[in-house]
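Colleague: Got a minute to walk me through this one? I'd like to start with the ligand and work outwards.

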Amino acid sequence: MPPVADITSSAAWPSGRVLVVAATYEERANVDQLIDGVLAAAPDPQLLIVDDDSPDGTGVVALDRTAREPRLHVLVRRGRRGLGGAILEGFMLAARHGFEIVVNMDADLSHAPEDIPRLLAAMHPAGGRPADVVLGSRRVPGGRVVGWPAWRHVVSRLVGWFTRWVVGVPVRDASSGFRAVRVASFTGRPHAFATGYTFLEEMLWTTHQAGGRIVEVPITFTNRERGSSKAGLRESLTGGWALLRLAVTARLGL
Ligand SMILES: Nc1nc2c(ncn2[C@@H]2O[C@H](COP(=O)(O)OP(=O)(O)OP(=O)(O)O)[C@@H](O)[C@H]2O)c(=O)[nH]1
Ligand SMILES: [Mg+2]
């Protein structure tokens with residue numbers, strides 16, 4: 001059978017500097033509020049939704065809105081799944097359309113769109129060296145998580161500890177999916193990234209390896225109120241395995 005074709009929004013992309021990329025899978029209950037929030041947070045950034053053909057119609061809802069929102073773009077990937085792969089394709093589109101910075105965020109409103117200007121401002125600290133990645137961090141002073149059960153804190157801290165001390169990425173919240181990234185510093189490097197959640201840690205590791213500057217700014221992460229988590233047991237196991245493989249690569253150069 002021939003592969004099914006992707007669906008992309010048809011409107012032309014205005015030229016721009018910042019592209020917000022949000023991967024979605026079954027986020028119908030959140031996607032409208034996400035679009036409203038991102039477009040209202042600042043006048044310039046454009047928004048790309050990368051949906052993996054969600055059965056609940058998230059992609060259709062987003063595509064529908066592109067007719068009225070020139071700053072909104074949608075890619076519905078068909079025949080493939082995975083958070084990392086979706087974000088990576090977002091980066092590639094950003095590079096192709098000449099954007100300088102990608103802001104990556106979750107679509108379930110755990111990341112506040114109002115924080116986007118603060119992340120962008122930290123890319124260019126006054127008098128300091130520009131950053132390659134600004135990480136919205138829950139684990140620096142002022143950062144916090146609202147609404148998680150205790151076990152989520154434990155797992156998240158274990159992943160953070162492992163990435164910092166075993167893989168060797170000098171940040172406190174490597175699994176945060178809220179980050180501003182200089183597109184050229186990322187797409188210019190060779191990579192074979194994990195297609196799942198471990199993409200997030202791996203991308204920081206390659207940045208650090210290449211001598212890139214990673215800055216953490218505090219954010220409040222609010223547990224999702226609508227829709228269901230995709231970070232279930234299966235994703236946790238494949239993610240854990242991918243993280244172990246990353247540690248072996250980082251430590252032994254294999
Ligand atoms: N395109 C795409 N997006 C995904 C996929 N898996 C998860 N996402 C999106 O990635 C973001 C993070 O996923 P979540 O399910 O919120 O994972 P989490 O934040 O670790 O866990 P919860 O907040 O508890 O749900 C959300 O915007 C999801 O819709 C996927 O396979 N493809
Ligand atoms: Mg979430």
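Modeller: Sure, and keep in mind that this is a predicted model. An oxygen atom of ligand 1 lies 3.1 Å from an N or O atom in the side chain of Tyr-197. As for cover, ligand 1 has 630 Å² of accessible area on its own, and the protein covers 95% of that.

Colleague: Which residue offers a polar backbone atom to a nitrogen atom of ligand 1?

Modeller: Backbone atoms come in twice here. An oxygen atom of ligand 1 sits 2.8 Å from a polar backbone atom of Ala-107. For the nitrogen atom the distance is 3.1 Å, and the residue is Thr-24.

Colleague: How many charged residues does the shell around ligand 1 have?

Modeller: The shell counts 19 residues, with Glu-27, Arg-81, Asp-108, Arg-152 and Arg-224 the closest. Strand S2 (18-24) and helix H3 (83-96) each give at least two residues to that shell. Split by class, there are eight nonpolar and three polar residues, and the charged ones number eight.

Colleague: Where does ligand 1 sit in terms of pockets?

Modeller: Look at the space that ligand 1 takes up. That space is the largest pocket.

Colleague: And what is the radius of gyration of the chain, and why call the chain compact?

Modeller: The chain has eight helices and 10 strands. For 254 residues the globule rule gives 18 Å, and the chain comes close to that, so it is as compact as a globular protein of that length, with a radius of gyration of 17 Å.

Note on methods. Residues numbered from 1 in each chain as written. Chains lettered and ligands numbered in written order. Predicted model: local features only at pLDDT ≥ 70, side-chain atom pairs only at ≥ 80, totals over all residues. Heavy atoms only, no water. Near = heavy atom within 4 Å. Polar contact = N/O pair within 3.5 Å; in protein donor to acceptor, adjacent residues only side chain to side chain. Areas by Shrake-Rupley, 256 points an atom, 1.4 Å probe, with all protein chains shown as cover. 1 Å grid on protein atoms, 1.4 Å probe; cavity = no way out; pocket = protein on both sides within 12 Å on 5 of 7 lines; lining within 4 Å. Sits in = over half its atoms within 2 Å of the grid points. Helix = DSSP H or I, 4+ residues; strand = E, 2+ residues; numbered from the N terminus. Nonpolar A, V, L, I, M, F, W, Y, C, P; charged D, E, K, R; others polar. Rg over C-alpha atoms; globule rule 2.2 N^0.38 Å.
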